[in-house]
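Please look over the complex shown here, with attention to how its parts meet. The report below is meant to be read beside the sequence and the model.

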Amino acid sequence: MKIHVNGSEYSLNVPDNTSLLDALRVHLKLTGSKYGCGEGMCGSCKVLIDGHAMPSCITPVASVQNKEIITIEGLEKEGQLHPVQQAFLDEDAFQCAYCSSGMIISAVALKARNPKPTRQEIIDAMQGNVCRCCVYPRIMKAISKV
Amino acid sequence: MDKLSLADKTQRPKAINASEIQSSGYTINRRNFFKLLGGGVAIALTHSYVYAWQELGQSMGSALPDEESIAAWIHILEDGSISVFTGKVEVGQNIRTSLAQLVAEELAVPLPRITMTMGDTLLCPYDQGTYGSRTTPYMGPKLRKAAASLKEALVEMAATQWKIPKESVQAKDGQLIHSGSGQALDYGEITKGKKILLPVNDQAALTPPQQWTIAGTSVPKTNGRDFVSGKHQYVSDMELPDMVYGKILRAPSYGASLVSAAIEKAQVSANVTVVQEEGFIGVTAPDPQTAANALAKIDAQWHAAPQPAKAEIFTYLKENSRQNNNEDPAQAEARKAFEASTIRLEQRVEVQYIAHVPLEPRAAVATWGDGQLTVWTGTQRPFGVQEELAEAFSVPKSSIRVFMPDTGSAYGGKHSGEAALEAARLAKAVGKPVKVVWTREEEFKWAYFRPAGLIEMAAAVDDDGLISSWEFHNYNSGGAGIDLPYEASVKHIQFHPSRTPLKQGSYRALASTANIFAIESMMDDLARQLKQNPLDFRLANLKDERLKGVLKAAAGKFGWEKEKVADHGYGIACGFVKNSYIATCVEVAYNRSSEQLSVLRIVAAFDCGAIVNPLHLENQVMGCVLQGLGGALFEEVDFKDGRILNPSLSSYRVPRFADIPPLDIVLLDRKDIPSAGAGETPIVGIAPAIRNAIADATGVKLSSLPLIPQGLKLTN
């Protein structure tokens with residue numbers, strides 16, 4: 001099967017039931033997307049699928065063959081961080097940072113469809129992402145200032 | 001090792017070729033220090049017997065007291081870069097940044113010159129582990145002393161070279177400056193060609209916090225860019241050449257024993273290997289999905305053993321607690337004073353087991369070669385894991401290297417090395433490097449929990465509103481934070497260890513959360529009975545100035561005296577753990593028609609002495625308070641018949657964006673007081689503050705944690 005990730009096309013030969021997350025991490029060596037829960041409840045594995053932030057752990061790789069996938073690795077352009085990545089960095093919006101790539105992906109999708117979200121709109125868009133270190137206010141601030 | 005050398009040097013052990021590792025027997029010592037790490041000048045922050053241990057290449061064991069076992073190296077390389085080697089590990093608390101700040105401050109070098117090598121049992125001196133808020137108060141001062149000693153030694157070297165008195169040499173920005181001529185020598189230039197290992201000079205002068213310019217400032221996370229770009233490699237991201245993925249067969253319930261297992265069906269293809277050793281069954285495959293598919297085909301029969309359920313846990317804990325037959329005279333005295341008093345209360349508090357839920361589950365990569373075992377794993381105790389591995393495989397510790405790259409959090413939940421043992425076992429059996437990453441379900445079921453606890457207490461106050469009797473018993477959850485911070489005429493305080501049906505262990509602040517919840521609930525109820533303001537009642541019974549300080553700071557910022565709206569409540573609580581102090585104020589609102597309880601805002605005031613990094617301290621306090629919100633309101637582990645009934649993030653609720661009220665943090669920077677840790681104490685105030693606010697708003701005096709897992713209904 002073929003998938004399109006970060007602007008490149010890849011051919012994959014993967015076992016049945018392989019998730020998009022495993023395809024990215026294990027087969028394409030793109031480990032920026034993280035495993036956190038395996039049921040789409042924590043958001044650590046989120047990637048952009050045709051611009052929507054989706055949990056890749058519950059997305060079968062076979063279902064996204066004709067879609068455009070962007071991972072955290074695809075946000076940085078020519079050494080320049082995406083403005084959302086830069087805002088997270090500037091705000092220190094993380095502790096262990098294991099949630100950061102999923103948080104950033106969700107925030108990028110939000111900003112693309114709603115450049116100036118209200119506080120409640122940020123909460124609604126980010127509710128599927130868990131920061132277990134709980135520096136949520138810092139993350140809110142980073143997203144607000146982009 | 002090609003794959004690993006791609007990584008950032010701050011995250012990975014320095015590449016050392018195999019012949020060097022073998023010649024050093026996997027133990028670094030003075031003889032091979034410079035051979036392995038390059039020339040220069042190094043300082044060994046150790047005690048004499050630690051030296052002896054290093055020289056002999058022998059294990060020191062873990063029997064040393066904390067302060068005595070603190071050791072670290074600081075090494076100035078010939079290019080002027082500075083390496084700090086410490087067995088402490090980074091789990092998100094940002095000590096990679098704060099310890100570097102302390103070293104940069106005392107060594108008078110720009111911060112970017114410093115590289116921290118952490119949690120590598122080969123390169124770093126022994127360390128008991130990163131827990132108990134010990135890094136900042138113990139490792140911090142020792143590293144400062146080592147860096148200050150090193151700076152003095154460099155000054156002396158320059159003075160000798162220039163043939164001038166050392167008073168005429170100034171160390172600044174990584175340079176030694178001749179005060180007469182203005183001539184400057186970089187630290188690297190003066191260390192060139194040298195291989196000097198110095199002991200720490202206990203007399204070396206430290207820079208007082210009042211004069212700090214690097215420490216005490218809000219330096220961002222040193223390697224933050226690697227995290228926002230997805231480049232940082234956590235253990236679960238690592239890969240070695242020829243590596244396979246391991247999955248382990250788990251029992252269906254605690255205490256169940258394996259009767260039989262048909263493993264043939266799991267052997268689905270030539271690249272799948274089933275490993276069966278005694279009670280252990282695991283599978284390896286070239287990718288995790290194939291391994292999981294194969295594991296699912298194993299037909300195993302188990303014999304279950306009876307296990308207590310959540311419904312009976314508190315009876316169980318009390319019945320199985322260690323009974324003390326010799327009554328403490330203070331207990332009888334406290335009882336007597338209680339009976340004699342007219343203003344008195346008895347309370348019982350129940351605290352459920354909760355889970356750490358580190359977002360990166362347990363993970364390990366293990367590889368064997370020439371009798372040497374190398375393991376990368378996420379653990380708070382790399383040297384402890386090294387000991388576990390040495391025991392499990394009967395190999396000397398000097399043949400085992402454990403390394404921990406910065407890990408996806410721990411909160412006290414990663415003291416053990418389960419995944420490391422499993423990966424090493426499979427790697428040994430299949431003769432290839434193996435990676436084991438636990439699923440979320442495994443993490444919930446097979447890691448360990450914060451203990452459940454039952455607390456029974458009785459307290460009385462005299463006519464002056466002072467505590468006249470205090471009796472306090474904690475069953476199972478622990479003795480941390482059990483002491484009463486208030487003055488009391490008579491007190492009897494006792495921790496009763498018990499048998500636990502679930503595996504329990506460390507957690508942020510340990511039992512302090514339970515004990516301080518109980519203490520602060522009682523204090524509020526006593527104040528209410530006296531018709532006193534809960535803040536005034538606390539202050540009247542306190543002598544500790546720092547605790548009073550945070551109480552007043554929190555109350556001031558909160559506006560404690562302000563009028564309340566109907567059905568709103570204010571709550572306050574305070575406590576201290578390991579020399580840091582927290583006070584928390586909370587406003588809640590109860591909507592009687594929808595029966596909704598909302599936490600409207602939180603103010604937390606915190607004092608941990610001199611602040612090393614205000615930005616990261618605020619993150620620690622914020623994270624602690626808001627993580628504590630989960631344990632306060634809704635987190636609890638449900639279990640029956642040896643099974644965890646909510647082993648997933650859809651069934652075990654953790655705080656999310658919508659749960660987070662506005663939070664104001666007041667940091668008291670006490671530059672006159674040595675810095676203490678901050679990763680634990682701030683969690684202890686939130687639960688009692690909410691509980692007391694609920695009582696204020698509704699009159700309902702809750703007495704269990706979590707407080708309102710099913711919401712709060714005033715009517716039946």
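What follows describes chain B as a whole, its domains, and the contact between the chains.

This is a predicted model, in which local features need pLDDT of at least 70 and side-chain atom pairs count only at pLDDT 80 or more, while totals for chains, interfaces and linings use all residues. Residues are numbered from 1 along each chain as its sequence is written, and chains are lettered from A and ligands numbered from 1 in the order in which they are written.

Chain B has a radius of gyration (over C-alpha atoms) of 28 Å, which agrees with the value near 27 Å for a compact globule of 716 residues, the globule rule being 2.2 Å times the number of residues to the power 0.38. Of these 716 residues, 55% count as buried, that is, with 20 or more other C-beta atoms, placed from the backbone, within 10 Å of their own.

The domains of chain B, with bounds from an automatic or database domain assignment, are as follows.

| Domain of chain B | Residues |
|---|---|
| domain 1 | 2-228 |
| domain 2 | 235-304 + 362-437 |
| domain 3 | 477-487 + 503-705 |

In chain B, 21 residues of domain 1 are in contact with 18 residues of domain 3, a contact being two residues whose C-beta atoms, placed from the backbone, lie within 7 Å. On the domain 1 side, helix 7 of chain B gives the most, with five residues.

Between the chains, the contact takes 43 residues from chain A and 47 residues from chain B.

Notes. Helix = DSSP H or I, 4+ residues; strand = E, 2+ residues; numbered from the N terminus. Buried ≥ 20, exposed ≤ 12 C-beta atoms within 10 Å, placed from the backbone.
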